Structures are given as structure tokens and as C-alpha cells.
Amino acid sequence: MSQSLFLIGQLITLLLTAGLLGSLYTALRIGMSRLKQPPAQRKKAGRLVVLSLSIWILISIGLASSARYGTAEPVLTMLSLFLLPSVFFLLLLGFRFFRQVLLITPPQWIVKAQGIRIVLSLLLWMGYAGRYVPPQLTFLWFNYDIVVGISALMGSYVFFARGQFRRPETLLWNTFGLFSLLYLVAIALVSLPQSPYQLFATTPDGAFLTHPLFVPLMSFIFPFCMAMHVYSIWQALRRPSRRTFSLNK
């Protein structure tokens with residue numbers, strides 16, 4: 001295993017985590033300002049959401065560093081780390097202010113956020129080159145997430161250019177992206193070593209996911225990507241579809 005690439009991978013994971021938290025905070029503040037909420041309330045709402053997620057990320061890193069974590073069943077542990085923040089993101093839809101923010105958020109912002117999947121795919125490929133990520137988690141085998149990332153950058157323009165809102169295409173793309181992400185999470189879980197659910201006995205295996213500084217992949221970044229698909233679908237179902245056509249003589 002390449003120790004230098006292992007350290008670089010951890011650094012990139014932490015930078016991605018911090019960047020996503022910052023982007024989420026900024027998006028919430030902009031949304032609250034468009035709702036003409038008082039500045040103090042804007043800061044409070046954004047800080048509450050981001051602080052809750054930050055505390056959870058630190059808890060997940062702390063759990064990964066504890067001795068008891070090493071004796072737990074890895075698949076169930078990692079699945080719990082993925083599900084808890086996923087439920088948190090879904091519960092945000094139960095708050096009226098958050099739904100209002102989503103409705104006024106430009107839909108291309110949410111779709112374009114999935115461009116992070118390109119970085120994640122390259123991060124996993126770098127880990128494979130560094131011999132600590134198994135091949136099934138890269139685009140060399142079963143990880144097709146880079147397609148979602150590339151198509152997100154194109155779709156953010158095609159679906160919404162010139163005032164359009166292509167609802168069927170948006171729903172179809174998000175459904176594909178959501179299944180691609182859940183498929184990747186499933187492959188990651190059955191790649192974990194020392195588990196009765198392990199299906200891939202490759203070398204290397206998926207043990208890197210349990211390392212404290214890689215845990216945010218499962219405890220925040222993957223749930224964040226899932227939430228963006230859910231939010232985009234929710235938004236598409238509540239906005240009228242608009243298409244523009246032009247006939248050139």
C-alpha cells in the first residue's frame with residue numbers, strides 16, 4: 001500500500017467534507033435571504049443544520065477510533081453510519097422553512113452538486129492505484145458514479161437552460177443517479193472484511209472505509225449525494241414542467 005496516496009486520500013476526504021458543509025451553509029443562507037428572513041434567523045438556521053452534521057461527523061470519526069468499534073460487525077456498523085445522516089436529511093423535508101428554501105433554490109444548483117461524484121470516482125481510483133481500494137469500488141469494475149457526475153454537469157444546463165424545467169428528464173436522471181449511489185454503497189458494504197456478508201474476497205478489501213478519516217465517506221458524503229437526489233426529485237414534483245421550442249425559418 002502506498003502510504004503517501006493513503007494520506008492524500010484522507011486529506012481529500014476531509015476537504016470534500018468541509019467543502020460540502022460550507023456549500024450547504026451558504027445555500028441555506030442564500031435561500032433564507034430570498035425568503036426575506038431576518039439576518040439573525042438566516043444564520044441560526046444555517047448554523048443549526050451544519051453544526052448538527054459537523055457533530056455527527058466528529059462522532060462517527062470518534063467511533064471509528066474507539067477500540068469497541070473494531071470488534072463490532074463491520075457491515076451493520078457502516079450501514080448505520082450511512083442510514084442515520086440519510087434519515088436526518090430526509091427529516092429536514094418535514095420543516096416548512098426548509099421546503100420553502102428548496103422551492104426557491106435554482107434546480108440546477110442541486111443537480112450540479114452531483115458533480116462531486118467525479119471527484120469521488122477519481123478518489124477511489126487513486127486509492128486503487130495506491131493499493132488500498134478494491135477494484136470493484138472503481139470505474140474499472142462496478143462503480144458507474146463517474147457517469148452520474150459528468151451527466152450532472154451537462155444536465156444542469158440541458159434540463160434548465162433558457163427558463164426550461166424538463167421534469168421527466170430530471171426525474172429519470174435522479175432515479176438513475178440514486179440507484180447508482182445505493183448500488184455503490186451496497187458494493188462497499190459487501191467488500192468489508194471480517195464479515196459474514198462479505199462477497200468480494202479481493203486484495204485489497206474495503207477495510208479503508210472503516211479508517212477514521214475515511215469514515216466521512218459513509219457517514220456524510222454518500223448520504224449528502226443521496227439527499228441531493230431526493231431533494232431534486234421533491235423539487236421536480238412540485239414545479240410545473242416548462243419547455244421552450246424555437247423554429248428557425
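Contacts that reach far along the sequence dominate this predicted model. Counting contacts between residues at least 6 apart in sequence, 78% turn out to link residues at least 24 apart. Burial tells another part of the story: of the 249 residues in the protein, 49% are buried.

As for secondary structure, it's helices and nothing in the way of strands: 10 of the former and 0 of the latter. Reading along the sequence, the pattern is simply α-α-α-α-α-α-α-α-α-α. The radius of gyration of the protein comes out at 19 Å, close to the 18 Å that the globule rule gives for 249 residues, so the protein is as compact as a globular protein of that length. Laid along its principal axes, the C-alpha trace spans about 60 × 50 × 30 Å.

Now for one pair of helices. Two packed helices are described by the angle between their axes and the distance between the axes. Helix α8 covers residues 145–158 and helix α9 covers residues 167–189; they pack at an angle of about 150 degrees, and their axes lie 9 Å apart. Angles over 145 degrees count as roughly antiparallel, which makes α8 roughly antiparallel to α9. The crossing of these two helices, α8 and α9, is left-handed.

Which residues in α8 and α9 meet? On the α8 side there are Asp145, Val147, Val148, Ser151 and Ala152. Facing them from α9 are Trp173, Phe176, Gly177, Ser180, Leu181 and Leu184. Sorted by class, this contact of α8 with α9 is made up of 7 nonpolar, 3 polar and 1 charged residues.

Methods: Residues numbered from 1 in each chain as written. Predicted model: local features only at pLDDT ≥ 70, side-chain atom pairs only at ≥ 80, totals over all residues. Heavy atoms only, no water. Axes fitted to C-alpha atoms, helices over the stretch in contact; angles between N-to-C directions. Helix = DSSP H or I, 4+ residues; strand = E, 2+ residues; numbered from the N terminus. Parallel < 35°, antiparallel > 145°, perpendicular 65-115°, else oblique. Left-handed = near helix turned anticlockwise from the far one by under 90°. Contact = heavy atoms within 4.5 Å. Nonpolar A, V, L, I, M, F, W, Y, C, P; charged D, E, K, R; others polar. Rg over C-alpha atoms; globule rule 2.2 N^0.38 Å. Buried < 20%, exposed > 50% of the residue type's maximum accessible area, 1.4 Å probe, protein only.
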